[in-house]
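Ever wonder how people get from a pile of atoms to words like "oblique" or "edge strand"? Have a look at the structure below, and then let's go through some of those words together.

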Amino acid sequence: MKSDQTTPLVHIRQHLNETSNLPLYQRLQRALRSAIEHHLLKPEDALPAERQLAADLEVSRITVRKAIDGLVSDGVLVRRPGSGNFINTRIEKNFAKLTSFSEDMRARGRTPRSVWLKRSEGTVTPDEAMRLRLSPGARVFRFNRMRYADDVPMCLEYATIVASCLPSLEAVDLSMYDALEKAGNRPVRALQRLSALLLNAEQAMLLQAKEGDAGLAVERLGFLRDGRAVEFCRSYFRGDMYDFVAELNAS
């Protein structure tokens, strides 16, 4: 790493030296994540060897290892035996964490954006009423959009939100969860179902893939703290971009 003011090393040192009560390895982890978020470390970039990084930052190799282990666990970095640690190009979505697309992308140093396909207000369909536990005629907002990371199409999203949980159809800008949080109605838990599919012609065109390419379909039903359903979302992901992971235990 070079030593001018735009390099990752300088950025990491500055963040590492900020006053904080966090353990050193967590401060380093945050500093590395910040360098990725600010695009000083980019997808497919290799980190310096752990020994070199420890020497450059004047910290122990144990501190470096613990910081990197956490980022590998979060899917921000990928460890390639014999080659080193790299910024992950594939997105690993942890099924155990209820986070938004925008939050996931920013955490990995990617810039999220959306292209609206359609947004509308209407009454629930029979299927929506059953899933969201709403009465016939209840009002909902529907948000259909393409989700991008660094201008790469990542997924198609078709979301239905209970209208009483948002002030207006226009309240959603980049992040639907941000809008729901501002309204005091962000989901606190969700049921998700993942299935494999082959992209049809329309999905492939929008995702800049080929018809018949592998894709992933995710259905999510989000709930408020009081148990009310607030969100039903169907998303279709490019299979070559996304990995969904979950931690399992026997207890």
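Q: What is the strand order in the open sheet of six strands?
A: This is a predicted model, and in it the order of that sheet runs β4-β5-β6-β9-β8-β7, with antiparallel pairing.

Q: What makes β4 and β7 edge strands?
A: Check their neighbours: β4 (112-123) and β7 (189-198) each pair on one side only. That's what puts them at the edges.

Q: By how many degrees are neighbouring strands of this sheet turned against each other on average?
A: The average is 15 degrees, with direction ignored.

Q: How do you know that β6 and β9 count as paired?
A: Pairing takes at least two bridges. Strand β6 (residues 152-162) and strand β9 (residues 229-238) have seven, in the antiparallel sense, so they pass the test. For one of the partners, go to Thr160, which is bridged to Phe232 in β9.

Q: What makes β1 and β2 a pair?
A: Use that cut-off of at least two bridges again. Strand β1 (residues 77-80) and strand β2 (residues 84-87) run antiparallel and are joined by four bridges, so they count as paired. Arg80, for instance, has Gly84 in β2 as its bridge partner. Three residues lie between the strands of this hairpin, and Gly82 has a positive phi near 85 degrees.

Q: Why are α1 and α2 called oblique to each other?
A: Helix α1 (residues 8-16) and helix α2 (residues 24-37) pack at about 140 degrees, with axes 8 Å apart. Roughly antiparallel would need an angle over 145, and roughly perpendicular stops at 115. The pair fits neither, and therefore it's oblique. Their crossing is right-handed.

Q: Which residues make that contact?
A: From α1 come His11, Ile12, His15 and Leu16, while α2 brings Leu24, Arg27, Leu28, Ala31, Leu32, Ser34 and Ala35. Sort them and you get seven nonpolar, three polar and one charged.

Q: Why is α2 called oblique to α4 as well?
A: α2 and helix α4 (residues 61-73) pack at about 55 degrees, with their axes 8 Å apart. Roughly parallel means under 35 and roughly perpendicular starts at 65, so this pair lands among the oblique ones. Here too α2 makes a right-handed crossing. Among the residues that meet are Leu28 and Leu32 in α2, and Val64 and Leu71 in α4. The whole contact divides into eight nonpolar, three polar and two charged residues.

Q: How many residues score well, and where does pLDDT stay under 50?
A: The average pLDDT is 88, and 96% of the residues score at least 70. Over residues 1-5, though, pLDDT stays under 50. Where pLDDT is low, don't read the predicted coordinates in detail.

Technical notes: Residues numbered from 1 in each chain as written. Predicted model: local features only at pLDDT ≥ 70, side-chain atom pairs only at ≥ 80, totals over all residues. Heavy atoms only, no water. Axes fitted to C-alpha atoms, helices over the stretch in contact; angles between N-to-C directions. Helix = DSSP H or I, 4+ residues; strand = E, 2+ residues; numbered from the N terminus. Left-handed = near helix turned anticlockwise from the far one by under 90°. Contact = heavy atoms within 4.5 Å. Nonpolar A, V, L, I, M, F, W, Y, C, P; charged D, E, K, R; others polar. pLDDT = per-residue confidence, 0-100.
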